[in-house]
Amino acid sequence: MKMHFFVILLFVAIAPLLPSERKLNATFLFAFGEKGEQPAQFNRPLGVSADAKGNVYVSDSGNNRLQKFTPQGELIAFIGGFGWEKEQFQFPIDIFVYNSLDIFVADFDNNRIERYDKDLNWLTSYYSNDNWSAKMRFLFPISVCVSLHGDFFIVDSENDRVIKLNASFEPELSFGDYDWGAGVLQEASHIYVSKNDVIYVTDPGAHKILVYDYYGNFLYDVGVGELVTPKGLCVDDQEQIFVADASKNQVLTFDKNGRLLLTIGSLSSKFAGFNEPSDVTIIRDKLYVADTQNHRIQIFQLAWEN
């Protein structure tokens with residue numbers, strides 16, 4: 001098996017802050033992957049997530065597969081191939097690791113959420129039910145997240161809304177669609193539910209992140225004037241928001257009040273540069289970025305400077 005693995009240290013620019021404020025720094029550590037169809041290669045990786053041990057799971061979207069790597073970027077396992085049976089995909093986009101045990105994948109063109117265990121063994125497939133009310137059904141799911149309570153939150157890209165289902169996959173709520181007032185989503189993209197039960201949804205059409213409470217009530221916007229095409233995002237234990245901006249070719253970080261803390265990257269094929277980054281995830285003090293058009297995953301060390 002051919003594998004390309006790179007290690008280099010680079011410092012990246014940070015957004016300017018007031019002298020009295022702590023600064024968040026990011027240091028490039030390494031990257032893994034290159035374009036191709038062989039194991040450990042990628043074709044437009046769109047989703048990335050990590051478990052508590054630092055193992056990295058990637059939705060290798062162009063190859064219609066899911067790959068698992070060690071924290072050092074060494075391939076552990078992979079499954080997939082084009083199709084609609086179990087362990088097959090039709091354009092898997094988002095991936096979410098829940099409690100380091102269950103892996104959920106938004107299988108876009110198959111209109112389903114796929115569930116695997118940590119070893120990539122298929123567990124079950126979730127679909128909309130025709131008996132549900134029209135507002136509770138989803139089509140072309142683009143993102144999935146599971147809360148600490150076991151509730152599912154799915155972005156229905158066909159109707160630009162969020163569907164909330166309980167742990168038994170029974171519908172409870174939909175929000176963000178055309179009649180939602182201030183919290184309406186123009187182009188629903190990715191979702192993340194924080195440990196504090198705050199819901200964050202990226203909206204590339206509105207160039208911002210919309211923030212809701214656990215019941216879908218709109219709270220406020222983040223990134224207005226800073227974001228262009230926000231895609232995948234994650235939120236750390238301090239409610240700091242990390243988001244990939246595909247058009248700016250950057251990863252941006254905001255605090256819970258929406259203040260810009262950090263900006264990483266520019267258009268480049270070099271390390272610490274990006275070409276349409278699509279997703280991010282945090283595990284402890286490391287940031288993982290799905291650098292989609294560079295067909296690789298990049299890892300950064302995060303640290304606060306007093």
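## Exercises on a predicted model

The side chains of Arg 112 and Glu 114 meet in a salt bridge, with N and O 3.4 Å apart. The coordinates come from a predicted model. The exercises begin with this pair.

### Exercise 1. A salt bridge and its surroundings

Task: Determine whether Arg 112 and Glu 114 are buried or exposed, and place Glu 114 in its sheet.

Solution.

Step 1. The cut-off for a buried residue is a relative accessible area under 20%. Arg 112 has 1% and therefore counts as buried. Glu 114 has 0%, so it is buried too.

Step 2. Strand E9 covers residues 112-117 and pairs with strand E8, residues 102-107, in the antiparallel sense over 6 bridges. Within this pairing, Glu 114 of E9 is the bridge partner of Val 105.

Step 3. An open sheet of 4 strands, in the order E7-E8-E9-E10, contains this antiparallel pairing. E7 and E10 are the edge strands; each has a single partner, so one side of each lacks a neighbour in the sheet. From one strand to the next the twist averages 20°.

### Exercise 2. Two further salt bridges

Task: Describe the salt bridges Asp 119 to Lys 118 and Asp 179 to Lys 135, and state which parts of the chain the second one links.

Solution.

Step 1. In the pair of Asp 119 and Lys 118, the closest N and O atoms are 3.5 Å apart. Asp 119 has a relative accessibility of 42% and counts as partly exposed. Lys 118, with 34%, is also partly exposed.

Step 2. Asp 179 and Lys 135 form a salt bridge whose closest N and O atoms lie 4.0 Å apart. The pair links distant parts of the chain, 44 residues apart: Asp 179 is in the loop between strand E14 (171-175) and strand E15 (191-193), and Lys 135 is in the loop between strand E10 (122-126) and strand E11 (141-146).

Step 3. Asp 179 has a relative accessible area of 46%, which makes it partly exposed. For Lys 135 the value is 34%, again partly exposed.

Step 4. Asp 179 and Lys 135 belong to a network of salt bridges together with Asp 156, Arg 161 and Asp 177. In total the structure holds 15 salt bridges.

### Exercise 3. Strand E20 and its neighbours

Task: Explain why strand E20 is described as largely enclosed, and trace its pairing with E19 and E21.

Solution.

Step 1. E20 covers residues 241-245, and 5 of its 5 residues are buried, so the strand is largely enclosed by the rest of the structure.

Step 2. Ile 241, Val 243 and Asp 245 point one way from E20, while Phe 242 and Ala 244 point the other way; all are buried.

Step 3. E19 joins E20 through 4 bridges in an antiparallel arrangement. Val 235 stands opposite Ile 241 of E20. The two strands form a hairpin with 5 residues between them, and Glu 239 in the turn has a positive phi of about 65°.

Step 4. E20 is also joined to strand E21 (residues 250-254), by 5 antiparallel bridges. Thr 253 of E21 is the bridge partner of Phe 242. In this hairpin 4 residues lie between the strands, and Asn 249 takes a positive phi near 55°.

### Exercise 4. Two pockets

Task: Compile the volume and lining of the largest pocket, and do likewise for the second largest pocket.

Solution.

Step 1. The largest pocket has a volume of about 850 Å³. Its lining consists of 44 residues, with Tyr 192, Lys 195, Val 235, Asp 237 and Ile 282 nearest the centre.

Step 2. The elements that contribute two or more residues to this lining include E11, E15, strand E19 (230-235) and strand E25 (296-305).

Step 3. By class, the lining of the largest pocket has 24 nonpolar, 11 polar and 9 charged residues.

Step 4. The second largest pocket encloses about 250 Å³ of space and is lined by 17 residues. Nearest its centre are Leu 46, Ile 142, His 190, Lys 231 and Ser 278. Its lining divides into 7 nonpolar, 5 polar and 5 charged residues.

### Exercise 5. A loop residue

Task: Locate Asn 64 and give the separation of its C-alpha atom from that of Gln 240.

Solution.

Step 1. Asn 64 is in the loop between strand E4 (56-60) and strand E5 (65-69). With 13% relative accessibility, Asn 64 counts as buried.

Step 2. Asn 64 and Gln 240 are 176 residues apart along the chain, and their C-alpha atoms are separated by 31 Å.

Technical notes:
Residues numbered from 1 in each chain as written. Predicted model: local features only at pLDDT ≥ 70, side-chain atom pairs only at ≥ 80, totals over all residues. Heavy atoms only, no water. Buried < 20%, exposed > 50% of the residue type's maximum accessible area, 1.4 Å probe, protein only. 1 Å grid on protein atoms, 1.4 Å probe; cavity = no way out; pocket = protein on both sides within 12 Å on 5 of 7 lines; lining within 4 Å. Points joined across faces, edges and corners; volume = space filled by probe spheres on them. Nonpolar A, V, L, I, M, F, W, Y, C, P; charged D, E, K, R; others polar. Pairing = 2+ DSSP bridges. Axes fitted to C-alpha atoms, helices over the stretch in contact; angles between N-to-C directions.
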